[in-house]
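Please open the model in your viewer and keep the selection tool at hand. The tour below goes from one selection to the next and says what is to be found at each stop.

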Amino acid sequence: MEDILQMEYTTKILIADENPNCRSSLRESLVRMGYHNIEEAANGEEALLKMAHFYPDIVLMDIWL
């Protein structure tokens, strides 16, 4: 159980979606679950740039992006 809790605090997550409301809602949900190392991208180009500098463990991306 401790490993799971530690993962929540250190996991880097990138949210990539052109809809700011979707990004905001998803971020709020993740923060409530204990994730705090979150970046956002509004388009594919921005997502690639963030991935190159942020090195996320998880990317949550709109399939149409």
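Select Ala 16 and then Met 61, which lies in strand 3: in this predicted model the two residues stand opposite each other. Widen the selection to strand 1 and to strand 3, residues 58-61, and you have two strands that pair in the parallel sense over 4 bridges.

Keep strand 1 selected, residues 12-16, and colour its residues by accessibility. Because 4 of its 5 residues are buried, strand 1 is largely enclosed by the rest of the structure. Add strand 2 next, which runs parallel to strand 1 and is joined to it by 5 bridges. At Lys 12 you can check the register of this pairing, since the residue opposite Lys 12 is Asn 37 in strand 2. Tracing the chain from strand 1 through helix 2 to strand 2 then shows a β-α-β crossover, and this crossover is right-handed.

Now display the side chains of helix 2 and strand 2, and turn to the charged groups. Side chains of opposite charge can pair when their charged atoms come close. Over the whole structure, a search finds 4 salt bridges.

Which residue forms a salt bridge with Arg 23? Select Glu 40, and the closest N and O atoms of this pair prove to be 3.1 Å apart. The contact links distant parts of the chain, with Glu 40 in strand 2 (residues 37-41) and Arg 23 in helix 2 (residues 20-32), 17 residues apart. Arg 23 has a relative accessibility of 12%, and therefore counts as buried, the cut-off being under 20%.

Stay on Glu 40 and add Arg 27, where the two side chains meet in a salt bridge with an N to O distance of 2.5 Å. Here too distant parts of the chain are linked, Arg 27 being in helix 2 and Glu 40 in strand 2, 13 residues apart. Arg 27 is partly exposed, with a relative accessible area of 27%.

For the last stop, move to helix 3, residues 44-54, and select Lys 50 together with Glu 46, which are 4 residues apart and so separated by about one helical turn. Their side chains meet in a salt bridge, at 4.0 Å from N to O. Lys 50 counts as partly exposed at 24% relative accessibility, and Glu 46 is likewise partly exposed, with a relative accessible area of 27%. To finish, select Arg 23, Arg 27 and Glu 40 together, which are joined into one network by salt bridges that share partners.

How values were computed: Residues are numbered from 1 along each chain as its sequence is written. This is a predicted model: local features need pLDDT of at least 70, side-chain atom pairs count only at pLDDT 80 or more; totals for chains, interfaces and linings use all residues. Side-chain values use heavy atoms; hydrogens and water are left out. Buried means under 20% relative accessible area, exposed over 50%, partly exposed in between (1.4 Å probe, protein chains only). Two strands pair if DSSP finds at least two bridges between them. A crossover is right-handed if, with the strands pointing away from the viewer, the path from the first strand over the helix to the second runs clockwise.
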